[in-house]
Amino acid sequence: MSQASGGTICITCGKEKATFKCGGCSQEFCFNHLGDHKQELSKQFDEVELNRDLFRQTLTDQTDKPQKHPLIQQIDTWERDSINKIRQKAEEARQVVLTHINGSIRQIESRLNQLTDQLRQSREENDFFETDLQRWNYDLTQLKEELTKPSNINLHQDATPLITRISIDVASCKSASLNELKIGVSARWVQNGITVAGGYDRGNGLNQLLNPWGLCVDDDQTVDGQR
Ligand SMILES: [Zn+2]
Ligand SMILES: [Zn+2]
């Protein structure tokens, strides 16, 4: 193939030919590879459309099932995890109490048996004074207390919370998309307003805008671009 005199290098085949510059990427292509390049762009366009369709479906699904929103699911997970933590701690505590309460109950039982023997004996012999009655009453009260509040087991609540607290912050500003935003002809703007975003190229820095979607007017009359 004859080489075009004074041709430039095609970025695809690396040959020096008559080339055409792509306005988008500013790269030089020979005639054949310019076609390939266009096809490649067309393929990428298809992918954008495909992604758009997929996202449309996701959006429809979300609208149909609001409960499936990732934020709701995060709350669900927090709820489940928190309940599980509490259940697990409660179960551990129950097991410890049950293990030790059995020993405590056996002791109470044997002391109650002793008391019963004393009572039976005294009844048979009809031999008791006021002091005996007082002592037995005292012993019985002690045993009752020991049953409901065993002296060797203490339940106390830790000051450290077992679960984390969650809270939801919602920005209070009313938002409007740029398309819907109608600013009256007679609207007056504060003349000494400070530009906090924009004027520093495109980007996502705090003072930059990247395809702003709307304006957010806070209650204190400041205007933000929504990104
Ligand atoms: Zn080429
Ligand atoms: Zn290009």
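1. Start with Asn-126, which counts as exposed because its relative accessibility is 61%, above the 50% cut-off for that label. Keep in mind throughout that this is a predicted model. Asn-126 sits in the loop between α2 and α3. Its phi is positive, about 50 degrees, even though the residue is not a glycine. If you are tracing the chain by eye, look for Asn-126 right after α2.

2. Ser-26 is the other residue I'd check for its backbone. Here too phi is positive in a residue other than glycine, with a value near 60 degrees. You'll find Ser-26 in the loop between β3 (19-21) and β4 (28-30). Is this serine exposed or only partly exposed? Partly exposed, because its relative accessible area is 46%, and the exposed label needs over 50%.

3. Lys-21 belongs with that loop. This lysine is part of strand β3 and counts as exposed, with 57% relative accessibility. Which residues does Lys-21 touch once neighbours within four places in sequence are set aside? The contacts are Ser-26, Gln-27 and Glu-28, and Ser-26 is the residue with the positive phi from the previous point. Looking the other way along the chain, Lys-21 and Cys-10 are 11 residues apart, and their C-alpha atoms are separated by 9.4 Å.

4. Now the overall layout. The chain has three helices and seven strands, and in sequence order they run β-β-β-β-α-α-α-β-β-β. Of its 227 residues, 12% count as buried. Among contacts with a separation of 6 or more, 32% are between residues 24 or more positions apart.

5. Helix α1 takes in residues 31-64. At 1.5 Å a residue, its 34 residues should span 50 Å, and the end C-alpha atoms are indeed 50 Å apart, so the expected and modelled lengths agree. The buried residues of α1 are His-33, Leu-34 and His-37. They pack against β3 and β4, the two strands on either side of the Ser-26 loop. An α-helix has 3.6 residues a turn, so residues three or four places apart point the same way. That is worth having in mind when you look at His-33 and His-37 on the model.

6. Helix α2 covers residues 70-125, which is 56 residues. The expected span is 82 Å and the end C-alpha atoms are 80 Å apart, so this helix also agrees with the 1.5 Å a residue rule. There is a bend, though: α2 turns by about 25 degrees at Ile-101. Ile-101 is also one of the buried residues of α2, along with Ser-82, Ser-104, Ile-108, Leu-115 and Ser-122. What do these buried residues pack against? Their partner is α3 (130-148), the helix on the other side of the loop that holds Asn-126.

7. Last, the second largest pocket, with a volume of about 500 Å³. How many residues line this pocket? There are 16, and those nearest its centre are Ala-93, Leu-155, His-156, Gln-157 and Asp-158. Ala-93 falls within the 70-125 stretch of α2. By type, the lining divides into eight nonpolar, four polar and four charged residues.

Note on methods
Residues are numbered from 1 along each chain as its sequence is written. Chains are lettered from A and ligands numbered from 1 in the order in which they are written. This is a predicted model: local features need pLDDT of at least 70, side-chain atom pairs count only at pLDDT 80 or more; totals for chains, interfaces and linings use all residues. Side-chain values use heavy atoms; hydrogens and water are left out. On a 1 Å grid over the protein atoms alone, a cavity is a set of points where a 1.4 Å probe fits but cannot get out, and a pocket is an open set with protein on both sides within 12 Å along at least five of seven lines; lining residues have an atom within 4 Å of a point. Grid points are joined across faces, edges and corners, and a volume is the space filled by probe spheres set on the points. Ala, Val, Leu, Ile, Met, Phe, Trp, Tyr, Cys and Pro count as nonpolar, Asp, Glu, Lys and Arg as charged, and the others, Gly among them, as polar. Helices (H or I, at least four residues) and strands (E, at least two) are DSSP runs, numbered from the N terminus. The expected span of a helix is 1.5 Å times one less than its number of residues. The bend at a residue is the angle between axes fitted to the seven residues ending there and the seven starting there. Buried means under 20% relative accessible area, exposed over 50%, partly exposed in between (1.4 Å probe, protein chains only). Contact means heavy atoms within 4.5 Å.
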